[in-house]
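Subject: Structure handover

Hi,

Here is the structure I promised to pass on. Have it open while you read, and follow along with the notes below.

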2 protein chains.
Amino acid sequence: MSKSIFYHAGCPVCVSAEHDIVNLIGAENVEIVHFGEDNSRIPEAEKAGVKSVPALVTPNGNVLHINFGASMDAVKG
Amino acid sequence: MSKSIFYHAGCPVCVSAEHDIVNLIGAENVEIVHFGEDNSRIPEAEKAGVKSVPALVTPNGNVLHINFGASMDAVKG
């Protein structure tokens, strides 16, 4: 199975969700992308259909938006 | 590890999310609750902090709201 990608922006709800996702899926099965540390990944996330963070993009390309942490616009701004 | 519980109401986004969650976590690690088939579980879900469905309650009690399918009020009504 290829990896899922978990995008987040460091907000408290993101970090909490990150821990849950890593516990559930396993750290080896998910790549964590923090926009606050690497905003060059934002276009890729938008292309994948990410509308808000935290979000999990599954290996088959589905986007699961988890809670509503911050809009993509807020992450950019 | 105890099971996670995935609550949903049969909406298209719920079913899609269900398939993703089952694929990611493994069917043996998650109980699926469909409010359309068993609305007696709604109070339990609300007590756990579920505000909308689909939602995943993790073994440690955190609630991950996935997308925004239907508010709990819509499920009841």
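What follows is a walk through what turned up, starting with the contact between the chains. One thing to keep in mind throughout is that this is a predicted model.

**Where the chains meet**

Chain B puts 18 residues into the contact, and chain A puts in 18 residues too. The area buried between chain B and chain A comes to about 1300 Å², with carbon and sulfur atoms giving 56% of that. Three residues stand out here: B:Asp20, B:Leu24 and B:Leu64 supply 43% of the area that chain B buries against chain A, more than any other three residues.

What about polar links across the contact? Between chain B and chain A there are two residue pairs in polar contact, both at pLDDT 80 or more. The rule finds zero salt bridges across this interface.

On the chain B side, H1 and strand E4 (63-71) each supply at least two of the residues that touch chain A. H1(B) gives the most, with six residues. Sorted by class, the side of chain B that touches chain A has ten nonpolar, seven polar and one charged residues.

**Helix H1**

How far apart are the end C-alpha atoms of helix H1 of chain B? They are 20 Å apart, and this agrees with the 20 Å that 14 residues (12-25) should span at 1.5 Å a residue. Helix H1 of chain A, also residues 12-25, gives an end-to-end C-alpha distance of 20 Å, again in agreement with the expected 20 Å.

If you want to look at which residues of the helix are tucked away, the buried ones in H1(B) are B:Cys14, B:Ala17, B:Glu18, B:Asp20, B:Ile21, B:Leu24 and B:Ile25. In H1(A), the buried residues are A:Cys14, A:Ala17, A:Glu18, A:Asp20, A:Ile21, A:Leu24 and A:Ile25. As background for reading those lists, an α-helix has 3.6 residues a turn, so residues three or four places apart point the same way.

Just past the helix there is a glycine to check in each chain. B:Gly26 comes right after H1(B) and takes a positive phi of about 100 degrees. After H1(A) comes A:Gly26, with a positive phi near 100 degrees.

**A cis proline in each chain**

Have a look at the peptide bond from A:Val53 to A:Pro54: it is cis, with omega near 0 degrees. A:Pro54 sits in strand E3 (residues 52-57) of chain A. In chain B, a cis peptide bond joins B:Val53 and B:Pro54, with omega about 0 degrees, and B:Pro54 lies in strand E3 (residues 52-57) of chain B.

**A:His65**

A:His65 is in strand E4 (residues 63-71) of chain A. Is A:His65 buried or exposed? It counts as buried, because its relative accessibility is 11% and the cut-off for buried is under 20%. Its side chain reaches the backbone nitrogen of A:Lys51 at 2.8 Å. Leaving out residues up to four places away in sequence, A:His65 touches A:Gly49, A:Val50, A:Lys51, A:Ser52, A:Pro54, A:Ala55, B:His65, B:Ile66 and B:Asn67. That list includes A:Pro54, the proline of the cis bond in chain A, along with residues of chain B.

**Salt bridges**

How many salt bridges does the structure hold over all chains? There are four.

In chain A, A:Glu31 forms a salt bridge with A:Arg41, and the closest N and O atoms are 3.1 Å apart. This pair links distant parts of the chain, ten residues apart: A:Glu31 is in strand E2 (residues 30-34), and A:Arg41 is in the loop between E2 and helix H2 (42-48). A:Arg41 also meets A:Glu44 in a salt bridge, at 2.7 Å from N to O. As for accessibility, A:Arg41 counts as buried at 17%, while A:Glu31 at 29% is partly exposed and A:Glu44 at 32% is partly exposed.

In chain B, B:Arg41 pairs with B:Glu31 in a salt bridge, the closest N and O atoms being 3.1 Å apart. B:Arg41 lies in the loop between strand E2 (30-34) and helix H2 (42-48) and B:Glu31 in strand E2, so the pair ties together parts that are ten residues apart in sequence. B:Arg41 is buried, with a relative accessible area of 18%, and B:Glu31 is partly exposed at 31%. Back in chain A, salt bridges that share partners join A:Glu31, A:Arg41 and A:Glu44 into one network.

Cheers

Conventions:
Residues numbered from 1 in each chain as written. Chains lettered and ligands numbered in written order. Predicted model: local features only at pLDDT ≥ 70, side-chain atom pairs only at ≥ 80, totals over all residues. Heavy atoms only, no water. Helix = DSSP H or I, 4+ residues; strand = E, 2+ residues; numbered from the N terminus. Expected span 1.5 Å × (residues − 1). Buried < 20%, exposed > 50% of the residue type's maximum accessible area, 1.4 Å probe, protein only. Contact = heavy atoms within 4.5 Å. Buried area = accessible area lost by both parts, 1.4 Å probe. Salt bridge = Lys/Arg side-chain N within 4 Å of Asp/Glu carboxyl O. Polar contact = N/O pair within 3.5 Å; in protein donor to acceptor, adjacent residues only side chain to side chain. Nonpolar A, V, L, I, M, F, W, Y, C, P; charged D, E, K, R; others polar.
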